[in-house]
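User: Please take a close look at the salt bridges in this model, and tell me which side chains pair, where they lie and how far they are covered.

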Amino acid sequence: MKQTAAVEPVEPVEPVEPVDASEAAPAPDPVDVRLAARLAELRAERGWSLGELAERSGVSRSTLSRAERAEISPTASLLNRLCHVYGRTMSRLLSEVEAEPALLLRAAEQDVWEDRASGFVRRSVSPPHPGLRGELVEGRLAAGADIAYDRPPVPGLEQHIWVLEGALDVTAQDVEHHLAAGDCLRLRVWGPTRFRCAGDREARYVLAVVLP
C-alpha cells in the first residue's frame, strides 16, 4: 500500500494593510504651496493659457502645471525663466508670497529658499520693498554645485557679487571670472550667467541686486 507523505501545517499569513499613498507622500513645503498659488495668479492676471506661458518661457506645459499645483519644488533656473516673463526679480517674486516686509528684519526672520536639485541655498537678507530699488541676498553653493541662468529676470539688472567664503566662478557675457574670498564682481546682466562653486567646500557670497 502506497504511503502518503505527511504535509506540514502552514502558518496563517497575517493580512497586510494597504498603504495610504496620501500618508506615505511627504507634505509639500508651505513656501512651495504659496509660491505655486502666486505663479497661478500671475498667469491668470495676464489671461495666458499654460500653452502660451510655455511658449514665452521655454518651459514645458507639464512642468508649469505641476509647479502651479505644488507637485514639484521649482528650481532656481525655472523660477528665473518665469521671473523674466513676469518682469520680476526672484526676490520680488518670493517676497510676494510673504507678508509685507518689515523695515528691520532679524536673522531668524529672513526667508530661506533651497534649490535641492542643485545644492543652492538662498537667504533674502533684505527683501525687496515697493519704494526701494536694491536688495541683498546671501547665496550658498555646495561643493561642485553649478547653476546656469539663460537670461536675467530683468534685462540690465545691476549685480554686485561679494564672496565671503570659498571660491566662486561666475560667467557673464561669455567671460569667466574666478572669485576668491573677499573678491567682488560688479556687472549689469543682459544675457546668460553661470555660478559654479569652484572649490572643494561650500561657497558663500553676498549678492547685491539693483533694479535698472
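**Salt bridges, pair by pair**

Analyst: Glu-41 has a relative accessible area of 41% and is therefore partly exposed, since that value lies between the limits of 20% and 50%. Its partner is Arg-38, and the two side chains meet in a salt bridge with an N to O distance of 3.0 Å. Arg-38 has a relative accessibility of 13%, and because buried means under 20%, this residue counts as buried. The model is a predicted one, and the distances and areas quoted here are to be read as computed from it. Both residues belong to helix H2, which covers residues 30-45, and they stand 3 residues apart, about one turn of the helix. This pair thus joins a partly exposed Glu-41 to a buried Arg-38.

A second salt bridge is formed by Glu-68 and Arg-43, whose closest N and O atoms are 2.8 Å apart. This pair links distant parts of the chain, with Glu-68 in helix H4 (residues 61-68) and Arg-43 in helix H2, and 25 residues separate the two. Glu-68 and Arg-43 are both buried.

The third pair to consider is Glu-71 with Arg-69, where the salt bridge has its closest N and O atoms 2.9 Å apart. Glu-71 has a relative accessibility of 44%, so it counts as partly exposed, and Arg-69, with a relative accessible area of 48%, is partly exposed as well. Elsewhere, salt bridges that share partners join Arg-38, Glu-41, Glu-45, Arg-46, Arg-88 and Glu-96 into one network, and the pair of Glu-41 and Arg-38 described at the outset is part of this network.

As a general point, side chains of opposite charge can pair when their charged atoms come close. In this model the count of salt bridges, taken with a cut-off of 4 Å between nitrogen and oxygen, comes to 18.

For the setting of these pairs, the protein chain contains 6 helices and 10 strands, and of its 212 residues 39% count as buried. Among contacts between residues at least 6 apart in sequence, 66% join residues at least 24 apart; the salt bridge of Glu-68 and Arg-43, for its part, spans 25 residues. The accessible surface of the protein chain comes to about 12,600 Å², and carbon and sulfur atoms account for 54% of that surface.

Note on methods: Residues numbered from 1 in each chain as written. Predicted model: local features only at pLDDT ≥ 70, side-chain atom pairs only at ≥ 80, totals over all residues. Heavy atoms only, no water. Helix = DSSP H or I, 4+ residues; strand = E, 2+ residues; numbered from the N terminus. Buried < 20%, exposed > 50% of the residue type's maximum accessible area, 1.4 Å probe, protein only. Contact = heavy atoms within 4.5 Å. Areas by Shrake-Rupley, 256 points an atom, 1.4 Å probe, with all protein chains shown as cover.
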